[in-house]
Amino acid sequence: SRPSNLFIAAAQTHMASKRSPSPSRLEDKPPKQAKAVGAKFTHWKKHSSLFNYSERTKGVLASCDQGREAQCVAEALALLHAYADEFYPHTKPALAPVDESSSSSSSSSSSSSSAPSIDPPPSSSEDQPSSSSTTTAKKTKRFEVIDAGSKGMVFFRIVHEDICPSEFIWRIFNDLYTLISITPESSSSTASSSSFTPAQSQALRCKVTNRLVPLERTCVGEMDVVVPLAGTLLKCLPGTPPTPSSSSSGSSSSSSSSSESSSVVDASLSLESLPFFQEIKQRPNVTWAVECRARNNVKFNKEQCINSVAQLVDDTVCKVDLSRPAVILAVEAFKSAAGLGLIKDFHKFGKYNVGMATEKLKKSRGIPVVEKHTATKK
């Protein structure tokens, strides 16, 4: 027997109610959240900002385990802010007033350009507090997170001009290793956290952050740009020739590449006047080496980069030491960008590894150390 029309209509109504929920259900249902991976990386700046010559980007390249980039951002940012508050208290982020009336006045002046301009009367000291009501507070940044374009790596740009990356990271590890060398007076104070400063306590909380490599300048990951930039950084070492002029840099290359290389050279000339680099140049019998790494960049030739950079320094004045050099020129190539920096006491401070430094500090103070569990391939 064929089903009746009433039964067919009831079945169609029931199926339609399942496909399209009622408006009341849609209101009660919370909106879908974004994926965890997308929510972690939306606030990062683009990778292309690393080789923007107008900004003269400098900062710190942090390495971590793959898949732990978000936790590394939280740990490293807290560590950098804690030590920046201690070493550079004047760079603490503050609320900078921004005048809202300036934009409105500019738009109104453009619309009424035909009308004669009348100068406003001079404001007295009593009228100054009233102008603050029309301003809004804008928080200034000290560090920015930039996408490194490689797994297990995060780049932190230093926005403030008074913070030198090489000096800043050296002072962090100098503070940690000085604390390691000091033996505690009594056994009761070994495991107490009151003996640590807030910055040192923040360093002890780092679990996934490995190395912190300071980079004085970033550029395009090409040999024509990296080698001239390395030459300007090596001016801080004894036995280096004078700075070449911009006219002789890139005569054989195209006009675009020569302008790019000259802009990079001009951006790094001020490093020789910094006290941190002056102390390196005044050292007797300074030894140096080149530490070159390439990640997610197949075209970058490390051997060619090392050979080209080694010819820029006179070996009779500043000798090369591959075992324990006093100064290291770090060349980090990651995806389409590259960064260079002069690192002091690289091997003395455990290759600038935060995890190694905190592990030694915990063992010297009797604090239990939690071992990292890495996944093994079967």
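**Figure 1. Helix α9 is mostly covered.** Nine of the 11 residues in α9 are buried. This close-up, like the ones that follow, comes from a predicted model. If you would like to find the buried positions yourself, look for Met223, Val225, Val226, Val227, Leu229, Ala230, Gly231, Thr232 and Leu233.

**Figure 2. Helix α9 packs against helix α12.** Here α9 meets α12, which spans residues 302–310, at an angle of about 35°. The two axes lie 10 Å apart, and α9 passes α12 in a right-handed crossing. On the α9 side, the contact is made by Met223, Val226, Val227 and Ala230; α12 brings Gln304, Cys305, Ser308 and Val309. Six of the residues in this contact are nonpolar and two are polar, with no charged ones. The four α9 residues named here also appear in the list of buried residues of that helix: Met223, Val226, Val227 and Ala230.

**Figure 3. Five strands form an open sheet.** Reading across the sheet, the order is β7-β11-β10-β8-β9, and the pairing is mixed. Strands β7 (217–220) and β9 (319–320) stand at the edges with a single partner strand each, so one side of each has no neighbour in the sheet. Four bridges join β7 to β11 (residues 337–344), and these two strands run antiparallel. To pick out one bridge, start at Arg217 and look for its partner in β11, Leu340. Helix α9 (residues 223–233) packs on this sheet and touches β7, β10 (327–334) and β11. Its direction makes about 20° with that of β11.

**Figure 4. Strand β5 pairs with β1 and with β4.** As a reminder, strands of a sheet pair through backbone hydrogen bonds, either parallel or antiparallel. Strand β1 (residues 59–64) runs antiparallel to β5 and is joined to β5 by five bridges; Val60 of this pairing stands opposite Phe156. Strand β4 (residues 143–146) also pairs with β5 in the antiparallel sense, over four bridges, and there Glu144 stands opposite Arg157. Six residues lie between the strands in the hairpin of β4 and β5, where Gly149 takes a positive phi near 80°.

**Figure 5. Both faces of strand β5 are covered.** In a regular strand the side chains alternate between the two faces of the sheet. Six of the six residues of β5 (153–158) are buried. Met153, Phe155 and Arg157 lie on one side, with Val154, Phe156 and Ile158 on the other. In β4, Phe143 and Val145 point one way while Glu144 and Ile146 point the other way, and all are buried. Notice that the buried residues include Arg157 of β5 and Glu144 of β4.

**Figure 6. Phe173 sits in the largest nonpolar core.** This core has 87 residues, and those touching the most other members are Phe168, Ile169, Phe173, Val331 and Phe334. Leaving aside residues up to four places away in sequence, Phe173 touches Leu212, Phe349, Tyr352, Asn353, Val354 and Ala357.

Terms used:
Residues are numbered from 1 along each chain as its sequence is written. This is a predicted model: local features need pLDDT of at least 70, side-chain atom pairs count only at pLDDT 80 or more; totals for chains, interfaces and linings use all residues. Side-chain values use heavy atoms; hydrogens and water are left out. Buried means under 20% relative accessible area, exposed over 50%, partly exposed in between (1.4 Å probe, protein chains only). Two strands pair if DSSP finds at least two bridges between them. Contact means heavy atoms within 4.5 Å. Axes are lines fitted to C-alpha atoms, for helices over the stretch in contact, and angles run from 0 to 180 degrees between N-to-C directions. A nonpolar core is a set of buried Ala, Val, Leu, Ile, Met, Phe, Trp, Tyr and Cys residues joined through side-chain atoms within 4.5 Å. A crossing is left-handed if the near helix is turned anticlockwise from the far one by less than a right angle, and right-handed if clockwise. Ala, Val, Leu, Ile, Met, Phe, Trp, Tyr, Cys and Pro count as nonpolar, Asp, Glu, Lys and Arg as charged, and the others, Gly among them, as polar.
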